[in-house]
Amino acid sequence: MTLTSADIAEGQILTTDQVLDGFGCAGSNMAPSLSWEGEPEGTKSFVVTAYDPDAPTGSGWWHWSVFNIPAEVTSLAEGSGSLENPLPVGAIAARNDFSRNTFSGFCPPEGDEPHHYVFTVYAMPQDVLPLDETASGAMVGYFTSGTSLARASITAVFGR
């Protein structure tokens with residue numbers, strides 16, 4: 001399974017398009033475009049996450065978790081989940097670590113080494129996960145870690 005994007009690339013520095021507008025940062029706060037292919041037979045849905053393992057919390061930081069993406073959907077456009085570009089029918093955005101049900105951009109603490117931002121798509125054997133919009137990114141991660149058929153990631157970086 002592979003994950004690609006017109007907006008982000010493996011090991012590359014993120015642009016201000018994906019940076020938070022808040023917490024002292026001034027970005028566009030837009031989810032990047034993501035496309036995937038090569039999912040295994042038996043895939044019934046997808047999950048997409050954006051996670052910062054370097055956040056100084058002891059548990060990282062969930063910026064975005066979308067689950068129950070229908071199996072026929074193999075891409076999310078830039079800005080997906082916004083009012084202008086809603087998620088595919090049936091897909092649900094979990095609550096991120098900003099307590100929002102949408103993509104929230106990146107804003108690492110000033111002076112930190114650049115943080116790694118891991119975008120992952122998971123192929124799932126279930127049509128739907130037994131979760132709703134109140135689920136946390138960690139809860140979505142629990143299901144993907146235990147049952148995904150395949151996954152693919154892009155890790156980009158950003159610091160300030």
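Is Phe98 buried or exposed in this predicted model? At 16% relative accessibility, Phe98 counts as buried, because the limit for a buried residue is under 20% relative accessible area. Phe23, by contrast, counts as exposed at 61% relative accessibility, yet Phe23 and Phe98 form an aromatic pair. This briefing takes up the aromatic pairs, then the pocket, the nonpolar cores and several individual residues.

**Aromatic pairs**

- The count of aromatic pairs comes to 9.
- One of them joins Phe23 and Phe98 in an edge-to-face arrangement, with 5.3 Å centre to centre and 85° between the planes.
- This pair links distant parts of the chain, since Phe23 belongs to the loop between strand 2 (21-22) and strand 3 (25-26), while Phe98 belongs to the loop between strand 8 (92-93) and strand 9, 75 residues apart.
- Phe98 also forms an edge-to-face pair with Trp61, at 5.1 Å centre to centre and with 70° between the planes.
- The pair of Trp61 and Phe98 likewise links distant parts of the chain: Trp61 is in strand 6, Phe98 is in the loop between strand 8 and strand 9, and 37 residues separate them.
- Elsewhere, ring pairs link Trp64, Phe103, Phe106, Tyr117 and Phe119 into a cluster.

**The largest pocket**

- The volume of the largest pocket is about 170 Å³.
- Its lining is made up of 14 residues, and Phe23, Trp61, Cys107, Pro108 and Pro109 are those that lie nearest the centre.
- Phe23 and Trp61 thus appear both in this group and as ring partners of Phe98.
- Strand 6 (61-70) and strand 9 (115-124) each contribute at least two residues to the lining.
- By character, the lining residues divide into 11 nonpolar, 2 polar and 1 charged.

**Nonpolar cores**

- In soluble globular proteins, nonpolar side chains tend to be buried together.
- The largest nonpolar core here holds 33 residues, of which Leu3, Leu34, Trp36, Val48, Trp64, Ile69 and Phe119 touch the most other members.
- Two or more residues of this core come from each of strand 4 (34-37), strand 5 (45-52), strand 6, strand 9 and strand 10 (150-158).
- Strand 10 provides the largest share of this core, with 5 residues.
- Apart from this core lies another, of 10 residues, among them Phe67, Met124, Val140 and Phe143.
- Val48, a member of the largest core, is in contact with Leu34, Trp36, Trp64, Ser65, Val66, Ile69, Leu76, Thr120 and Val121, when neighbours within four places in sequence are left aside.

**Buried residues and their contacts**

- Tyr117, found in strand 9, counts as buried at 1% relative accessibility.
- Beyond its neighbours within four places in sequence, Tyr117 is in contact with Leu14, Tyr51, Asp52, His63, Phe106, Cys107, Pro108, Ile154, Thr155, Ala156, Val157 and Phe158.
- Cys107 and Pro108, among these contacts of Tyr117, are also among the residues nearest the centre of the largest pocket.
- Tyr117 and Phe158 are 41 residues apart along the chain, and their C-alpha atoms are separated by 7.7 Å.
- Ser65 is found in strand 6 and counts as buried at 2% relative accessibility.
- With neighbours within four places set aside, Ser65 is in contact with Val48, Thr49, Ile92, Ala93, Ala94, Gly137 and Val140.
- Val48 belongs to the largest nonpolar core, whereas Val140 belongs to the core of 10 residues, and Ser65 is in contact with both Val48 and Val140.
- Ser33 has its place in the loop between strand 3 and strand 4 and is buried, with a relative accessible area of 15%.
- Outside its neighbours within four places in sequence, the contacts of Ser33 are Thr4, Ser5, Ala6, Asp7, Leu76, Ala77 and Glu78.

**Backbone with positive phi**

- Phe23, in the loop between strand 2 and strand 3, has a phi near 55°, which is a positive value in a residue other than glycine.
- Ser99 also has a positive phi, of about 60°, although it is not a glycine.
- Ser99 lies in the loop between strand 8 and strand 9 and counts as exposed at 55% relative accessibility.

Key. Residues are numbered from 1 along each chain as its sequence is written. This is a predicted model: local features need pLDDT of at least 70, side-chain atom pairs count only at pLDDT 80 or more; totals for chains, interfaces and linings use all residues. Side-chain values use heavy atoms; hydrogens and water are left out. On a 1 Å grid over the protein atoms alone, a cavity is a set of points where a 1.4 Å probe fits but cannot get out, and a pocket is an open set with protein on both sides within 12 Å along at least five of seven lines; lining residues have an atom within 4 Å of a point. Grid points are joined across faces, edges and corners, and a volume is the space filled by probe spheres set on the points. Helices (H or I, at least four residues) and strands (E, at least two) are DSSP runs, numbered from the N terminus. Ala, Val, Leu, Ile, Met, Phe, Trp, Tyr, Cys and Pro count as nonpolar, Asp, Glu, Lys and Arg as charged, and the others, Gly among them, as polar. A nonpolar core is a set of buried Ala, Val, Leu, Ile, Met, Phe, Trp, Tyr and Cys residues joined through side-chain atoms within 4.5 Å. Buried means under 20% relative accessible area, exposed over 50%, partly exposed in between (1.4 Å probe, protein chains only). Contact means heavy atoms within 4.5 Å. Rings of Phe, Tyr and Trp (its six-membered ring) pair if their centres lie within 6.5 Å; planes under 30 degrees apart count as stacked, over 60 as edge-to-face and the rest as tilted.
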